[in-house]
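This report looks at selected local features of one chain, beginning with a pair of packed helices and moving on to individual loop residues. Please read it alongside the sequence and the coordinates shown below.

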Amino acid sequence: MRVFILGAGGFIGTHLTEKLLNTTDYEVSAFDINTSRLEKFSGHKRFTCYKGDIFTETEYIREQVKISDVVLPFAGVAMPSYYLTHPLWTFELDFEQNLKVIRMCVEYGKRVIFPSTSEVYGMSDGSSNLDEETSSLVLGPVNKMRWIYSCSKQMIDRVITAYGQEKGLQYTLFRPFNWIGPGLDTMNDAKEHRARSLTQIIYDILNRGEVKLVGGGEQRRSFTWIGDGTDALMLILRNEGNRADSRIFNIGNPNNNYSIRELTEIIIDEMKSFSSFRRNAESVKVVTISPESYYSNGYDDTKNRVPSINNIMSLGWQPKVTLREAVRKTLGAYHD
C-alpha cells in the first residue's frame, strides 16, 4: 500500500508516519510546509518527503494522489489561538485546500481518510456521550470566532459524505478527542501563548512559574494518548472487510475525562518525580483568569466532551493509556 499524508509534519502525522514505517511494509509519501520533524525518517527506503505549501503545490499533490492508494489530508490548523487571530486562513486551509484534495480523490478513485474533530460537536453540555450518528452539531454564535474551525470541519465532513453517496468516494472520517503526547505543540507556540493545554502547562511551569487557568480550568476533556490514537488509525488503514468504509469514528478515551485544572494538578504531581523538573513543579503558582484576558472577545468554549467509542471498538480497538501515564510518557520525552 502507498500512503500519501499531507501535513505529515504535524503531531498526528509524525507519530503515524513512525508507526507505519516501523510496523508495516507500506510506502509513505509525506508532504508538509515544515518538514523538520520528518528528518529523522530520511533515508528510510519506504519513505519520501516533499517540502511545499498546500496552497501552491497543486500539481505535485495531484501527481501524488494519482499514484497513491490512500490519501490522508492532515494539513490544517488545530489551535484555538489561531482560530481567533487568523479566522479566514483557518477556513481557507481547513476547508478550501482540503476540499481541493478531496476532489482529486474523487477524480482518481482514491480512498481518503480524513481527520474531522471533536470540535464539530460544538456546545456540548456533557450530559451524554457524543455519538457519531445521533448527536446534534450545535455551534456558538457567528461573532465567536472559536467556531470557524469547527464549522469548516463540519462542512467538509458533509461534503465528503455527499461525495461518497453520489460519486462512490471510498472514505472514512475520524474525530480525535484531545490526543496528547510528545510534540503536540512546539515550545515556541507555548512561548507565544498559542499551544494547547498540555504543552502550554508544561512550558508555563518550567518558564513562567505560573499556570493561568482560563475560567478556572473547569472545562472537561477526554484526553487520549497519541499511541492509542494511531493504533486506531492503523485499524482504519487496514480496513479489514471494508468495515471502515463510509463511517465516522470518534477516537477518544472516555475514562480519561478530566478538567483542565485536574490535568494541571496531574502534570505538577508527575513533574515532581523528575529531577530536572522538581524545583519548578514545587514552586509553581496556579491562578484563574478570564477567557477575554487570555484570548479575546471572540473566544467561546464548551463545558465537556465525552465520546461514544462503540463504532471504533467494533474494529477491535480499545484505549489503554491513562491520563497520568500519558503525562508521564510526555514528560519523559522532554526530560534531560
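## Packing of α9 and α13

Helices α9 and α13 are oblique to each other, a description that applies, as does everything below, to a predicted model. The class follows from the angle, because α9 (residues 260–271) and α13 (residues 323–334) pack at about 50°, and an angle counts as oblique when it falls outside the ranges under 35 degrees, over 145 degrees and 65 to 115 degrees. The axes of α9 and α13 are 10 Å apart, and the crossing of these two helices is right-handed.

On the α9 side, the contact is formed by L263, I266, I267, D269, E270 and M271, which meet L323, R324, V327, R328 and L331 of α13. Sorted by character, the residues of this contact between α9 and α13 comprise 7 nonpolar and 4 charged ones, with no polar residue among them.

## The surroundings of S124

S124 is placed in the loop that runs between β5 (111–115) and α5 (147–167). Its relative accessibility is 10%, and S124 therefore counts as buried, the cut-off for that class being under 20%.

Although S124 and K303 are 179 residues apart along the chain, their C-alpha atoms are separated by 6.8 Å. When neighbours within four places in sequence are left aside, the residues in contact with S124 are L130, T302, K303 and N304. With N304 there is also a specific approach to the backbone, in that the side chain of S124 reaches the backbone oxygen of N304 at 3.1 Å.

## Loop residues with positive phi

N178 is not a glycine, yet it has a positive phi of about 50°. This residue, N178, lies in the loop between β6 (171–176) and β7 (179–180). With a relative accessible area of 25%, N178 is partly exposed, because that class covers values between the limits of 20% and 50%.

H193, likewise a residue other than glycine, has a positive phi of about 60°. The loop that holds H193 is the one between α6 (187–191) and α7 (197–207). The relative accessibility of H193 is 31%, so that H193 counts as partly exposed.

Notes. Residues are numbered from 1 along each chain as its sequence is written. This is a predicted model: local features need pLDDT of at least 70, side-chain atom pairs count only at pLDDT 80 or more; totals for chains, interfaces and linings use all residues. Side-chain values use heavy atoms; hydrogens and water are left out. Helices (H or I, at least four residues) and strands (E, at least two) are DSSP runs, numbered from the N terminus. Buried means under 20% relative accessible area, exposed over 50%, partly exposed in between (1.4 Å probe, protein chains only). Contact means heavy atoms within 4.5 Å. A polar contact is a pair of N or O atoms within 3.5 Å; within protein, one must be able to donate a hydrogen and the other to accept it, and residues adjacent in sequence count only if both atoms are side-chain atoms. Axes are lines fitted to C-alpha atoms, for helices over the stretch in contact, and angles run from 0 to 180 degrees between N-to-C directions. A crossing is left-handed if the near helix is turned anticlockwise from the far one by less than a right angle, and right-handed if clockwise. Ala, Val, Leu, Ile, Met, Phe, Trp, Tyr, Cys and Pro count as nonpolar, Asp, Glu, Lys and Arg as charged, and the others, Gly among them, as polar.
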